[in-house]
Amino acid sequence: MTLTATATPGKSLVSPTNHALVLIDFQSQMAFATKSIDATNLRNNAALISRAAASFDVPTILTTVAEKSFSGPMFSEVTDAFPGQKLLDRTSMNTWEDGAVIEEVNRIAKPRIVFAGLWTSVCIVGPVASAIDQGFEAYFIADACGDISAEAHERAVERMIQLGAVPMTSLQYLLELQRDWARAETYDSTTGIAKQWGGAYGLGVTYAKTMFGASEGH
């Protein structure tokens, strides 16, 4: 059998219209005990994926646990990307067991869900396992999650992969949404996000544009 290639994206790639993003418990109390990633990188990556989702109009759920009584406010790096959006506060450690969150999941009605948040072993494994059990495709942004130790984070990542979840990184998420530099309507936003939160890659974009007027699309 001869295979014929076509210039079309793989079905497993994320696009702005084929998934919802769920951001879970990016809160001070959770961050204090997070040791698998330093707080600066964590906040940076949370900002990157939040700005990416907002730029591409990805339906996004923001949820907290015990915001007023224990865990504190959600990172401004996340909430600033979604001004005025209501945060769904829970008592359950497993987001998927909260009725208000599930009502929003059903309203958005996407079969693929991308997760990120704190902690990986509890607040991410729980909804990922539950979503997969109910027939959803689950992805998670590994470097926008964190846990009380590198061991805890890594074992949680392994567990989710064994269940069938797909790992991603923050910059990968942004660039997979853009995917083609000829998409002019989001080009400036994507490169702007990269320059501010894309680390060394963002520095390279800034350098190329400043020194040579370079553009990825040309």
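Visitor: What phi does Asp57 take just after helix 2?
Guide: Asp57 has a positive phi there, about 55 degrees. Do keep in mind that this is a predicted model.

Visitor: What makes the contact at the start of helix 2 a polar one?
Guide: A side-chain oxygen of Asp38 comes within 3.0 Å of the backbone nitrogen of Thr40. The cut-off for a pair of N or O atoms is 3.5 Å, so this pair counts.

Visitor: How do you know what span to expect for helix 2?
Guide: Helix 2 has 17 residues, and the expected span is 1.5 Å times one less than that number. That gives the expected 24 Å, and the helix reaches 24 Å from its first C-alpha to its last.

Visitor: Which residues of helix 2 are buried?
Guide: Among them are Leu42, Asn45, Leu48, Ile49 and Ala53.

Visitor: Which residues touch the most other members of the largest nonpolar core?
Guide: Leu23, Phe26, Phe115, Ile141 and Tyr173 do, in a core of 60 residues. Helix 2 (residues 39-55) supplies the largest share of this core, seven residues. One of its residues, Ile49, is touched by Ile141, whose other contacts include Phe115, Met168 and Tyr173.

Visitor: Why is Thr186 called buried?
Guide: Its relative accessible area is 11%, and buried means under 20%, so Thr186 qualifies.

Visitor: Where is Thr186 placed, and which residues does Thr186 touch beyond four places away in sequence?
Guide: Thr186 lies in helix 9 (residues 184-197), and Thr186 touches Phe56 and Gln178.

Definitions and conventions: Residues are numbered from 1 along each chain as its sequence is written. This is a predicted model: local features need pLDDT of at least 70, side-chain atom pairs count only at pLDDT 80 or more; totals for chains, interfaces and linings use all residues. Side-chain values use heavy atoms; hydrogens and water are left out. Helices (H or I, at least four residues) and strands (E, at least two) are DSSP runs, numbered from the N terminus. Buried means under 20% relative accessible area, exposed over 50%, partly exposed in between (1.4 Å probe, protein chains only). Contact means heavy atoms within 4.5 Å. A nonpolar core is a set of buried Ala, Val, Leu, Ile, Met, Phe, Trp, Tyr and Cys residues joined through side-chain atoms within 4.5 Å. A polar contact is a pair of N or O atoms within 3.5 Å; within protein, one must be able to donate a hydrogen and the other to accept it, and residues adjacent in sequence count only if both atoms are side-chain atoms.
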